[in-house]
Amino acid sequence: MGELRSGDTSGTASVRGESAAAFTPAHADAKMRWLRRVWNAFLPILAFAVLIALWQLWVVWAGVPAFLLPAPTVIVRALIDGWPDPLAYDTWVTLQETLGGFALGCVLGFLLAIGITYSRFLERVLYPPIVASQAVPKLAIAPLFVIWLGFGILPKIIITMTLVFFPIVVTTAQGLMSVDANLIELLRSVNARPWQVFWKVRLPHALPAIISGMKIGITLAVIGAVVGEWVGAGAGLGYRVLFAQSQLQTPVTYAAILILITLGVGLFALLDAAGRLAAPWSDAADRINVTM
Amino acid sequence: MASRPNARAAERVSPQREDDARRSEPSSPAVSLRGVRVVYRRGAKQGGLVALDDTNLQIGRYEFVSLLGPSGCGKTTLLKVIGGLIGPTEGTVEIFGGSPEEALRNRMFGFVFQEPNLLPWRNAMSNAELLAEVIDRKSVDRARIAALLKAVGLEAFGESFPRQLSGGMRQRVGIVRALAFDPKILLMDEPFAAVDALTRDTLAEVLLEVWGGIRPVIFVTHSIEEAVFLSDRVVVMTTRPGRVLEEIPIDLPRPRTRDTRDTAEFTEIRRRVRQAVDRAQGNRGS
Ligand SMILES: Nc1ncnc2c1ncn2[C@@H]1O[C@H](COP(=O)(O)OP(=O)(O)O)[C@@H](O)[C@H]1O
Ligand SMILES: [Mg+2]
């Protein structure tokens with residue numbers, strides 16, 4: 001690799017990296033690297049396209065009926081026909097449930113993590129039921145939420161929340177607690193208040209971990225919304241998957257699933273980008289080159 | 001005590017205060033420990049671990065004192081007792097005539113640990129401001145911090161982030177961070193143990209420069225050479241439970257430079273300290 005990681009430099013002179021060019025033929029290398037990057041981005045797209053083409057060929061060639069496995073072109077047709085009514089509305093409903101449950105899950109997870117971080121008692125009291133709650137199959141208890149909370153958006157949000165808060169608790173608590181003991185001691189030596197230690201050190205230190213937890217949480221949130229819709233709903237992508245299936249409209253089922261995937265991936269990518277902006281120092285050592 | 005040759009460097013970062021202090025209470029020590037014993041609690045069955053026992057130590061107002069002793073003899077514990085982070089099980093500790101807790105509340109201590117522990121999301125300047133900011137964000141003396149960064153040779157690196165700095169540079173930021181709020185006492189726990197030998201010698205010189213003889217420094221180290229080079233007095237401690245075995249005054253003239261290490265006096269004192277350390281370890285040598 002022609003890149004010089006900034007962490008490796010130890011002398012005063014080399015920190016600025018002017019000398020990097022001396023052992024790296026920069027121009028020849030730059031072109032190669034650009035080609036490699038294009039290739040790296042292109043490869044998964046190509047693989048995906050090949051897969052879709054094979055699917056299409058096989059369905060057409062073998063004459064598979066659409067209610068068993070629709071061809072990609074048929075799914076796209078169903079998507080166009082179903083937009084905006086009913087798929088756009090379904091998407092909007094599911095998005096609300098996903099984001100609502102995700103937000104509540106983040107808040108709950110965050111508060112629990114703070115409790116666990118600051119109190120041994122809470123840690124001992126809260127951790128077992130939190131872990132146990134994840135062993136409960138969500139689909140099995142989802143009907144209970146419908147009985148308690150009705151058929152509206154609320155039970156879906158609550159079910160989503162129960163899935164989302166767990167990774168948030170675990171990653172946030174781990175992040176808040178993993179601050180070096182000497183650093184805490186250093187702050188204590190100038191009589192720092194606990195809230196100062198929290199805002200100036202613990203929270204920013206935990207940020208990369210929190211963002212990781214949120215990235216796991218957002219993918220779970222989409223699943224939570226779908227599960228919530230499956231036990232009782234009149235709209236939403238999860239509902240549409242089931243309903244279309246019962247009508248043998250398999251292409252519509254696939255179209256709804258396609259939107260769900262897009263939703264999950266899109267929200268994940270959004271959080272990923274937000275995370276890079278919010279905590280540029282995490283894994284930055286690998287991305288930032290001294291070579292300019 | 002004779003006037004400090006390095007006072008000019010110090011004046012840049014700390015105006016005059018020391019002269020007033022010198023006049024008001026000329027003889028009373030900055031730090032005074034009498035019969036200090038520290039017992040760490042372990043599991044209920046094992047009973048306590050005696051880290052320090054019957055430790056007596058006086059440190060003058062402008063004195064640079066090094067603590068030398070084998071690993072686990074209680075040097076860090078002693079530093080934390082002085083800094084009010086640990087209460088002694090027995091005995092008394094006085095900091096400028098008051099309790100260590102009181103001194104801690106008054107932000108009298110500047111700590112430097114072995115690992116600089118800089119915050120990766122703050123640049124060097126901002127890291128240096130951390131403790132001053134915790135004390136009072138409105139009265140952070142940025143000019144002072146900039147002057148200190150310059151004094152340790154980092155004036156061009158204020159905007160650099162920790163990952164862009166070498167280990168030695170990071171520890172310099174750690175020193176500036178400790179001095180940024182003009183503490184009354186500097187407490188350093190093996191601050192140069194994690195940097196390479198060449199950088200270490202340079203850091204020692206830098207430290208003397210910013211210290212300037214205007215405040216007491218208590219400096220824990222494993223290096224006899226470093227202790228002799230830096231100190232007015234070297235305190236040799238015994239193996240656990242730690243106590244003071246010997247105190248060796250270092251009357252090498254200041255300012256001390258690279259050449260000081262080559263003088264016959266330096267070699268002679270270093271030999272005496274080494275013998276004391278050998279005695280502390282029960283004549284095993286090392
Ligand atoms: N928080 C603690 N709890 C229990 N034992 C401790 C604690 N801190 C230090 N010790 C023990 O006290 C002894 C002295 O430790 P320390 O002061 O760190 O020694 P040094 O700094 O000289 O290496 C060691 O045996 C160490 O294991
Ligand atoms: Mg120690």
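Which backbone N or O atom lies 2.8 Å from an oxygen atom of ligand 1? That atom belongs to B:Lys75, and a few more notes on this predicted model follow.

1. **Ground rules.** Residues are numbered from 1 along each chain as its sequence is written, while chains are lettered from A and ligands numbered from 1 in the order in which they are written. Because the model is predicted, local features need pLDDT of at least 70 and side-chain atom pairs count only at pLDDT 80 or more, whereas totals for chains, interfaces and linings use all residues; side-chain values use heavy atoms, with hydrogens and water left out.

2. **Confidence.** The overall scores are ipTM 0.86 and pTM 0.82. In pLDDT (the predictor's confidence in each residue, from 0 to 100), chain A averages 85, with 87% of the residues at 70 or above. Residues 1–22 of chain A fall below 50, and this stretch has 35 contacts in the model beyond near neighbours in sequence; a contact means heavy atoms within 4.5 Å. Chain B has a mean of 87, and 88% of its residues reach 70 or more. Its residues 1–11 are below 50, with 21 contacts in the model beyond near neighbours in sequence.

3. **Other stretches to treat with care.** In chain A, pLDDT also stays under 50 over residues 284–292, for which the model has 22 contacts beyond four places in sequence. In chain B, residues 14–25 stay under 50 too, and the model has 15 such contacts for them. Where pLDDT is low, the predicted coordinates should not be read in detail.

4. **Ligand 1.** The residues around ligand 1 (those with a heavy atom within 4 Å of it) include B:Tyr40, B:Leu49, B:Ala51 and B:Arg240, along with B:Ser71, B:Gly72 and B:Cys73. Also in this set are B:Gly74, B:Lys75, B:Thr76 and B:Thr77. Turning to polar contacts (pairs of N or O atoms within 3.5 Å), a polar backbone atom of B:Gly74 is 3.0 Å from an oxygen atom of the ligand. B:Thr77 uses a polar side-chain atom, 2.5 Å from a ligand oxygen.

5. **Cavities.** There are 2 cavities of 30 Å³ or more, and the largest has a volume of about 50 Å³. A cavity here is a set of points, on a 1 Å grid over the protein atoms alone, where a 1.4 Å probe fits but cannot get out; lining residues have an atom within 4 Å of a point. Grid points are joined across faces, edges and corners, and the volume is the space filled by probe spheres set on the points.

6. **Lining of the largest cavity.** Both chains appear in the lining, which includes A:Leu186, B:Phe113 and B:Arg177. Helix 7 (181–188) of chain A gives the most, with 3 residues. Strand 5 (109–112) and helix 7 (167–179) of chain B each supply at least two. Helices (H or I, at least four residues) and strands (E, at least two) are DSSP runs, numbered from the N terminus.

7. **Backbone points to check.** Most residues other than glycine have a negative phi, and most peptide bonds are trans. A:Trp83 and A:Pro84 are joined by a cis peptide bond, with omega about 0 degrees. A:Asp85 and A:Pro86 are also joined by a cis bond, with omega about 5 degrees. A:Pro84 sits in the loop between helix 2 (72–81) and helix 3 (87–118) of chain A, as does A:Pro86. A:Leu248 has a positive phi, near 60 degrees, and lies in the loop between helix 9 (237–246) and helix 10 (250–278) of chain A.

Key:
1 Å grid on protein atoms, 1.4 Å probe; cavity = no way out; pocket = protein on both sides within 12 Å on 5 of 7 lines; lining within 4 Å. Polar contact = N/O pair within 3.5 Å; in protein donor to acceptor, adjacent residues only side chain to side chain.
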